[in-house]
Amino acid sequence: MGAGMGRNTVLAAVCAVAVASIYAAQPALAGMGADLAVPAAGLGWIVAAGQLGYLAGLALLVPLGDLRDRRKLIAAHLIMTAVGAVVAAAATRLWMLLAGLALAGLFAVVVQTTVAYAAASATPAERGRTLGAVTSGVVLGILGARVAAGALTTAWGWRSVYVVLAGLLVTLAAVVLKTLPPDPRTGPSSYREVLTSLGKLFRERLFVSRGLIAFFLFASFGTLWSGLALPLAAAPWRLSPAQIGLFGLAGLVGALGAARAGRWADAGFARPVTVGALALLAVSWAAIGPVSWSLWPVIGGVIVLDFAVQAVHVSNQHLLTTAHPDTTSSAIGGYMLFYSLGSALGATATTAAFAVAGWAGSSALGAGFALCALAAALTGRARPATRCRCAPGRPGRFRRRARRTTGGRAG
């Protein structure tokens, strides 16, 4: 195993375990609600607590990666995520559970610091491929957490999930300090400058366009994965948490199938990949909707949905880190603000829609979010942010270079 591959494996593992601390509750929502006397309409807040903590971390913690050694930040944030997992495991009241999940979510933004570390350490020609490899860890965490959490919940109860997560997080913190090279920063000199650079991003059309796509993309994603356990646990299926968790394997197949999205982005196809994948996302809900009739179309729809989400997500991050090579943490952190808001919206809205109109209502909601993301991609074109550095009199060469770097007229 080469040094680069070994580094990417460690970084992918960090992403997987950290993000699992946010999503592990989903297959066990029914059991958590019964244990802590939470009504069905309020179960979405258990997932949303982690997302809201994540939202705060994106604004306050991720930009620190442009100011401090990212290796040390990654290790410290992993430890604090473990503390949140321990609080959740020991919760005897709903408020204590929400506090633990919010704390874990706050420091689970180590995922974005890790992605920024990977982007900054990769060569420009390999950036998309590296991002695809590392963000595959995010997918493993989001979807694999459902499988593992479902099995652990069935065997030893939902609290065991957070005990195991805490142990893995502490172990990874030690591995990071031992195996990853230091990452000295040469960017902004103060926290205020970092936050100022983050604020300026919201005036850039490329950044806002990709952020809006991410907002609706992950609202659709959250609608599925925060709500799917509800119809599967009800009649006619009445699946156990372990069986519900197995649906994560279908999503994993689809998402890992989109790992090549990074290579497509390196080749300059970020925009067509985005539009095509969002169209697939909208279509996937037609198969996911009729869950009470048959599970096979649902499995196929889940595969397509997760393929689409991963392809768009990698393309978005490739464009933004290419446009902002000196402030990758701020660019990724700001972009993920849209992700977190969208995920929280999907988590809370899907349980409310299910309470009123069943899974048909949740499916219509998810499809609507997908169509909004597609509309944002089609209407939000922006000029590439690359500056011309070619010799005078060579405009054609620059145009070709810009298209290769940013994927043409990215939106």
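**A nonpolar surface patch and the packing around helix α4**

Helix α4, spanning residues 70-89, contributes the largest share of a nonpolar patch, namely 3 residues. The patch lies on the surface of the predicted model and consists of I79, M80, V83 and V170, which together present about 280 Å² of accessible area. One of these residues, V170, is located in helix α8 (residues 159-179). With a relative accessibility of 43%, V170 is classed as partly exposed, because this value falls between the limits of 20% and 50%.

The overall architecture is helical, with 18 helices and 0 strands. Of the 411 residues in the protein, 57% are buried. The accessible surface of the protein amounts to about 15800 Å², of which 68% is supplied by carbon and sulfur atoms. Among contacts with a separation of 6 or more, 84% link residues that are 24 or more positions apart.

The interior was examined next. In soluble globular proteins, nonpolar side chains tend to be buried together. In the present model, the largest nonpolar core comprises 124 residues, and L78 and Y162 have the most contacts inside it. Helix α17 (residues 328-379) provides the largest share of this core, with 15 residues. When residues up to four places away in sequence are not counted, L78 touches V14, A18, V110, L169, L172, A173 and V176.

A75 is likewise a residue of helix α4. Its relative accessibility is 6%, and A75 is therefore assigned to the buried class, for which the value must be under 20%. Outside the residues up to four places away in sequence, A75 touches A173, V176 and L177. A173 and V176 also appear among the residues touched by L78. Although A75 and V176 are 101 residues apart along the chain, their C-alpha atoms are separated by 6.3 Å.

A further buried position was found in helix α16, which covers residues 296-323 and contains H313. H313 has a relative accessible area of 6% and so meets the criterion for burial, under 20%. Leaving aside neighbours within four places in sequence, the contacts of H313 are L217, F218, Y335 and M336.

Taken together, helix α4 contains the buried residue A75 and also supplies 3 residues to the nonpolar surface patch. Helix α8 holds the partly exposed V170, a further member of that patch.

How values were computed:
Residues are numbered from 1 along each chain as its sequence is written. This is a predicted model: local features need pLDDT of at least 70, side-chain atom pairs count only at pLDDT 80 or more; totals for chains, interfaces and linings use all residues. Side-chain values use heavy atoms; hydrogens and water are left out. Patches are made of residues with over 30% relative accessible area and no salt bridge: like charges are joined within 9 Å, nonpolar side chains (Val, Leu, Ile, Met, Phe, Trp, Tyr) within 5 Å. Accessible areas come from the Shrake-Rupley method with a 1.4 Å probe; for residues, only the protein chains shown count as cover. A salt bridge is a side-chain nitrogen of Lys or Arg within 4 Å of a carboxyl oxygen of Asp or Glu. Helices (H or I, at least four residues) and strands (E, at least two) are DSSP runs, numbered from the N terminus. Buried means under 20% relative accessible area, exposed over 50%, partly exposed in between (1.4 Å probe, protein chains only). Contact means heavy atoms within 4.5 Å. A nonpolar core is a set of buried Ala, Val, Leu, Ile, Met, Phe, Trp, Tyr and Cys residues joined through side-chain atoms within 4.5 Å.
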